[in-house]
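Hi everyone, thanks for coming. I'd like to walk you through a structure that is probably new to most of you, so let's bring it up on the screen.

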Amino acid sequence: MAMRKKWQLLAAGLFVVSCGTAADLDEESVRTTEEQTLSFDEFRTTLPVDDSGRYIVEWDLLLDDEQLYDYWLELPSSHPGSLIINRLTDGSTPLQASTLTYCIDNSFNNGDKDKVEGMITTVVSNWSSAAGKTFSVTRNRSQDGTGCTNANNNVSFNVRKLSGSTSFGFFPGEARSNRELKIAGSHFNSTDFGGIMRHEFGHIYGFRHEHIRLCPAENTSYKELTRVDRPSIMHYPNVCGDGNAPLGNLSDYDKKGARCAYSGQCEWIGFAGAANDIGVSANGQHVWAIGNTPATGGFSIHRRSGSTWQTMPGAGVAIAVEPGGNAWVVNDQQSIFRYNGSTFVQVSGAARDIAVGANGKVWIIGNTADSGGYLIYRRDGSAWTPVGGAAVRISVDPSGNAWVVNDQQNIYKYNGSTFVQQSGGARDVSIGGDGSIWIIGNTPELGGYGIYERVSGEWFKTTGSALRISAGDGTPWIVNDQKGIWYNRWE
Ligand SMILES: [Zn+2]
């Protein structure tokens, strides 16, 4: 479940302020002696390769991938430094001061100074409204000009122009000498100047490069604030297969992450009640829960109504919801029931768990013990068709194929004819109506086990912990080991 252990072990504890953005990825292939601003992947692509596939550095030094990473770590300033927030070696995740002042040196003429000031005001306002907190970043004109250096203690930071094509921000808690906003001339003149400045102020507010979750080339000392988010303003374009060019505006998850960091409103939002299982329709519109009030057959059944729960008839232990909003329930006698709009009607068969896909396809974990758990069935017409395999938890993807978890915490996906094992280990699995794939992992945490989303074939840890998950339309609901109910949507 841990991703890219090698990188985590190799990653040094230190981190650095610098970072290139958008345009420099295309243009910057030459490393200067003063500053190495390339991520490891970027650096690697600049190198010639010998016929054995090893990288050539310093004319005649041959290094394999791991050796090259060590070499890169030793380069000066090789680790550009968030919506993940930077974590220091002491484990803390410092926030930026709400009030900052700055000056602009004469590398910008007076007209351009005003343009820089106007853009800073705009992007700070963007982060401010995202974070739900008033950030004030004010230019101190009396400090502009030749005295506006990184030794000027009358301002929080200084702004200057760089030749070349890399811009730099800084992180919260940096020493004054590192608190410089350095703007590449090409970025200043770029049509994406606003996007680049939103990115740099992202660093200033503590956020790391989003793409290092996908391609961990910088040190990976960070704390997750949201799910993996390729549209993030903090994700370089054209790396790790994706990202936005131009950088443009803050993504929805940038806003969530900023609100989590600065206003304490983090991604999982508590919902009223107590539950043992949760089921959300594939369009996210209909939410049902197995509550925590004991009743014959298991526990009480509830349907969400606004910000509270309506108690429904019957009782059960596991629940799933059709796209149209009606629920299927399994009770503690392994009996199966379907809500028909007014009452629960028993369906033939016996089950331990049940799932419904976005296309309405119903699957169950049956009641016949076999290696791995219990035999798996798909509902075809009004019959249960055995499909092979055994498991304990089940979900159905939008095309109607099942994902299961067995009693060894192994994960399998049905490919249309057989179950194929997937990487990782899980206690529960759920596929969203949008095709997103979520698991409750196998690493104990306060509240249950870690929550992971599958992106490009790998599991990426998100925030929170739980025992049960229902992905809904891709913004999941979870139940933790305290029976607490949490959801992921900002409404
Ligand atoms: Zn950056």
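Let's start with helix H5, and please keep in mind that this is a predicted model. The buried residues of H5 are Lys-113, Val-116, Ile-120, Val-123, Val-124, Asn-126, Trp-127, Ala-130 and Ala-131. Where do these buried residues fall when H5 is seen down its axis? They lie within an arc of 150°, so they line one face of the helix. There is a general rule behind such patterns: an α-helix has 3.6 residues a turn, so residues three or four places apart point the same way.

Now, what covers the buried residues of H5? The cover includes four strands, E4 (99-104), E5 (136-139), E6 (157-162) and E7 (180-184), together with helices H7 (193-204) and H8 (252-263). On the face turned away from the buried side, H5 carries the exposed residues Asn-110, Gly-111, Gly-118, Thr-121 and Thr-122.

We can also check the length of H5. The helix has 22 residues, 110-131, and at 1.5 Å a residue they should span 32 Å; the end C-alpha atoms are 31 Å apart, which agrees. Just after H5 comes Gly-132, with a positive phi of about 70°.

Let's move along the chain to a sheet. This one is open, with 4 strands in the order E10-E11-E12-E13 and antiparallel pairing. Which strands stand at the edges? They are E10 (277-280) and E13 (308-316); each has a single partner strand, so one side of each is left without a neighbour in the sheet. On average, neighbouring strands here are turned by 30° against each other, direction ignored. If you zoom in on E10 and E11 (residues 287-295), you'll find 4 bridges between them, and Val-280 stands opposite Val-287 in E11.

Last stop: two hairpins that share strand E16. Strand E15 (residues 327-330) runs antiparallel to E16 (residues 335-339), and 3 bridges join them. Val-329 has Phe-337 in E16 as its bridge partner. This hairpin has 4 residues between the strands, and Gln-334 takes a positive phi near 65°.

E16 then pairs with E17 (residues 344-350), again in the antiparallel sense, over 5 bridges. Here the bridge partner of Tyr-339 is Phe-344 in E17. The hairpin of E16 and E17 also has 4 residues between its strands, and Gly-341 in the turn has a positive phi of about 110°.

That's my tour. Thanks for listening!

Notes:
Residues numbered from 1 in each chain as written. Predicted model: local features only at pLDDT ≥ 70, side-chain atom pairs only at ≥ 80, totals over all residues. Pairing = 2+ DSSP bridges. Axes fitted to C-alpha atoms, helices over the stretch in contact; angles between N-to-C directions. Expected span 1.5 Å × (residues − 1). Buried ≥ 20, exposed ≤ 12 C-beta atoms within 10 Å, placed from the backbone. Arc of directions from axis to C-beta. Contact = placed C-beta atoms within 7 Å.
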